[in-house]
Amino acid sequence: MKYFGLVWRNAWRKKIRTSLTILSVFVAFLLFALLSAFGHAFKYGVEAADAERLIIIDKISLINLLPIAYQNRIKATEGVHSVTHSTWFGGYYQEPRNQFPQFPVDPHEYFAMYPEFKMPEEQFEAWVKNRTGAVVGRELADSFGWEVGDRIPIQATIWTKADGGRTWEFDIEGIFASDDPRGSSALFLFQYDYFDEARAFGQGLVGWYILRVERGADPVQVQNAIDTQFENSRNQTETSTEAAFAQSFAKQFGNIALIVTLILGAVFFTLLLVSGNTMSQSVRERISELAVLKTLGFGDRTVLGIVLSESILIMLIGGLLGIGVGWFVTRGIAVAAGAFLPGVYFSPTAILASIALMVGAGVAAGIFPALQAMRLSIIDALARA
Amino acid sequence: MTDILARLEGVSRTYQKGKERVEVLHNLDLQIPQGDFIAIMGPSGSGKTTLLNLIGGLDRPTAGTINVGGAELTSMSNSKVSHWRSTHIGFIFQFYNLLPVLTAQKNVELPLLLTSFNAKERAERAAIALDIVGLADRARHYPRELSGGEEQRVAIARAIVSDPSLLLCDEPTGDLDRETADEILRLMQILNREHGKTIIMVTHDAQAAEFANRTLHCDKGTLEAREAA
Ligand SMILES: Nc1ncnc2c1ncn2[C@@H]1O[C@H](COP(=O)(O)OP(=O)(O)O)[C@@H](O)[C@H]1O
Ligand SMILES: [Mg+2]
């Protein structure tokens with residue numbers, strides 16, 4: 001790239017103007033990196049979902065609880081392979097900002113339902129034996145520095161104990177990891193039997209059911225069969241695939257995502273105006289210099305390439321700085337808030353996409369000035385000088 | 001008989017100025033021998049610049065043919081002419097036309113970017129060219145740090161760096177004081193005599209024209225170039 005020196009020097013012809021343009025490119029791509037990382041978090045639950053798992057919730061509201069008695073009836077429905085349940089505990093560790101999902105579950109059923117969660121056999125056995133035992137995901141254990149054997153107090157926000165206490169203490173008996181890279185293991189799981197006995201109210205109620213469809217069975221038929229079965233019960237049910245469930249959960253963020261996308265669109269539109277203006281000013285200022293290059297024998301395409309490269313260079317400088325800072329920031333967020341909002345990740349695909357966007361924006365901002373430079377008539381330009 | 005470097009036959013150039021057609025050059029025949037140093041004089045607007053532009057392939061005649069060093073410019077494509085110019089023609093302008101963002105050295109290297117020389121070879125050749133014009137010690141200076149005469153020397157170095165056979169100079173001393181102008185003209189004489197460059201120089205200045213081997217007068221623009229008496 002022997003023209004690089006020339007392109008570089010030209011790009012810095014007006015230092016302040018170039019710096020300001022680069023700054024606006026920087027901001028746009030920083031924003032892009034952050035939004036892409038959060039977007040990843042929203043899509044993430046959907047991607048991690050298993051098509052053969054269905055979720056059953058109360059038809060009226062996710063918050064309404066379902067009777068534990070439903071489990072056997074669901075189990076008996078045709079096409080159902082296995083079923084288990086889970087409940088939102090909604091506590092926190094030490095401070096309210098340390099929130100993460102805690103679920104009272106049946107250990108055997110739950111781990112059978114989620115085979116992607118892996119933990120040493122002896123840890124699992126120890127958990128089963130200890131009524132107040134809990135197992136936690138690797139991500140969660142790492143973010144709080146927990147180890148097997150630790151006694152962890154969880155402050156309840158919903159579930160007071162029968163003795164009136166709000167502090168539930170659990171012994172960490174095991175740490176599990178997800179071997180599905182898309183899945184989060186930022187969970188805190190403890191025994192439903194203990195929970196049901198010790199809670200002040202709500203005995204015999206669970207948050208939702210998770211079922212696995214039998215191989216070969218049609219999930220839609222199973223879904224309908226279950227919902228029909230409970231049509232006349234006190235709690236009607238709504239069954240959906242895990243993916244659909246995650247999607248409806250993510251939909252709450254969907255509108256925010258749309259607004260953010262619109263903002264991002266506006267930012268990039270402005271960016272194109274700003275940098276396009278910079279480029280056309282820059283070309284206008286050096287009409288005679290471009291004519292001199294042509295006089296020296298620089299071809300039309302070479303001149304086009306030089307101007308276009310300058311525009312792309314400015315985008316790349318600002319853009320790479322932007323996504324570089326964005327990468328560090330999103331990593332920081334992922335570490336700090338990973339348990340609460342898993343999946344914040346500025347992926348390699350998004351990085352490649354943003355680099356393509358930089359080149360694209362560089363071309364878009366530079367193409368008209370570059371064409372102007374290319375079409376420049378030497379004699380007119382020199383006569384004007 | 002000396003070789004003819006440039007041959008113009010029946011060259012006309014008309015410009016459209018609004019509704020008016022201005023014939024700047026009319027049916028011009030001209031032969032420039034290899035190794036010559038020619039001054040072209042004439043009033044403003046008589047077509048001197050137009051003539052240089054045509055010989056250098058920056059412009060095309062409305063009629064006639066132009067042959068420079070065996071190349072039939074009038075039948076070549078724009079990109080061919082452009083490439084040809086980079087190796088056969090050196091241009092020198094009244095206002096130097098250096099790129100302000102580049103050092104003297106880098107300005108001189110510019111034409112070599114179009115060659116296959118590598119960075120080291122480009123730097124070496126530019127250094128030699130700067131040495132010939134007596135500015136070896138100014139290589140790292142930017143144009144704004146140079147005097148007018150020095151800028152013109154850098155421009156001359158840039159014009160000769162790819163070793164073209166023909167130098168086209170449009171009022172090269174028009175913006176310089178007498179003394180500096182004479183230095184530049186002496187440098188051009190050296191390029192002509194010792195380096196074998198053929199030079200066509202447009203000038204307003206009769207004293208400058210005396211440095212040339214002969215002077216052509218461009219009269220009234222629309223007519224022809226004739227030998228001075
Ligand atoms: N690109 C152009 N378009 C229209 N008229 C032009 C153009 N270039 C030169 N002319 C006209 O041609 C005439 C000769 O111009 P020029 O060759 O620059 O003269 P000189 O260099 O002798 O002063 C002038 O009248 C000028 O206005
Ligand atoms: Mg002129």
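Here is a short conversation about the cores and the ligand site of this predicted model.

Colleague: Happy to look at this with you! Which residues touch the most other members of the largest nonpolar core?

Modeller: That core has 65 residues, and its largest share, seven residues, comes from helix 11 (residues 300-337) of chain A. The residues that touch the most other members are Phe298(A), Val68(B) and Leu110(B).

Colleague: Which residues of chain B are in contact with Phe298(A), leaving aside its neighbours within four places in sequence?

Modeller: Within chain A, the contacts of Phe298(A) include Tyr3(A), Leu6(A) and Ile306(A). On the chain B side, Phe298(A) is in contact with Ser82(B), Leu110(B), Leu113(B) and Leu114(B).

Colleague: How many residues are in the other core, which lies apart from that one?

Modeller: Among its members are Ala129(B), Ala139(B), Val154(B) and Met188(B). This other core has 38 residues.

Colleague: Let's turn to the ligand. Between which chains does ligand 1 lie?

Modeller: The residues around ligand 1 include Asp380(A), along with Tyr15(B), Lys17(B) and Lys48(B). A nitrogen atom of the ligand is 3.4 Å from an N or O atom in the side chain of Asp380(A). Ligand 1 lies between chains A and B.

Colleague: How far is a backbone N or O atom of Gly45(B) from an oxygen atom of ligand 1?

Modeller: Gly47(B) also has a backbone N or O atom by the ligand, 3.0 Å from an oxygen atom of ligand 1. For Gly45(B), the distance is 2.7 Å.

Colleague: And what percentage of the accessible area of ligand 1 does the protein cover?

Modeller: On its own, ligand 1 has 560 Å² of accessible area. The share of this that the protein covers is 71%.

Conventions: Residues are numbered from 1 along each chain as its sequence is written. Chains are lettered from A and ligands numbered from 1 in the order in which they are written. This is a predicted model: local features need pLDDT of at least 70, side-chain atom pairs count only at pLDDT 80 or more; totals for chains, interfaces and linings use all residues. Side-chain values use heavy atoms; hydrogens and water are left out. A nonpolar core is a set of buried Ala, Val, Leu, Ile, Met, Phe, Trp, Tyr and Cys residues joined through side-chain atoms within 4.5 Å. Buried means under 20% relative accessible area, exposed over 50%, partly exposed in between (1.4 Å probe, protein chains only). Helices (H or I, at least four residues) and strands (E, at least two) are DSSP runs, numbered from the N terminus. Contact means heavy atoms within 4.5 Å. A residue is near a molecule or strand if one of its heavy atoms lies within 4 Å of it. A polar contact is a pair of N or O atoms within 3.5 Å; within protein, one must be able to donate a hydrogen and the other to accept it, and residues adjacent in sequence count only if both atoms are side-chain atoms. Accessible areas come from the Shrake-Rupley method with a 1.4 Å probe; for residues, only the protein chains shown count as cover.
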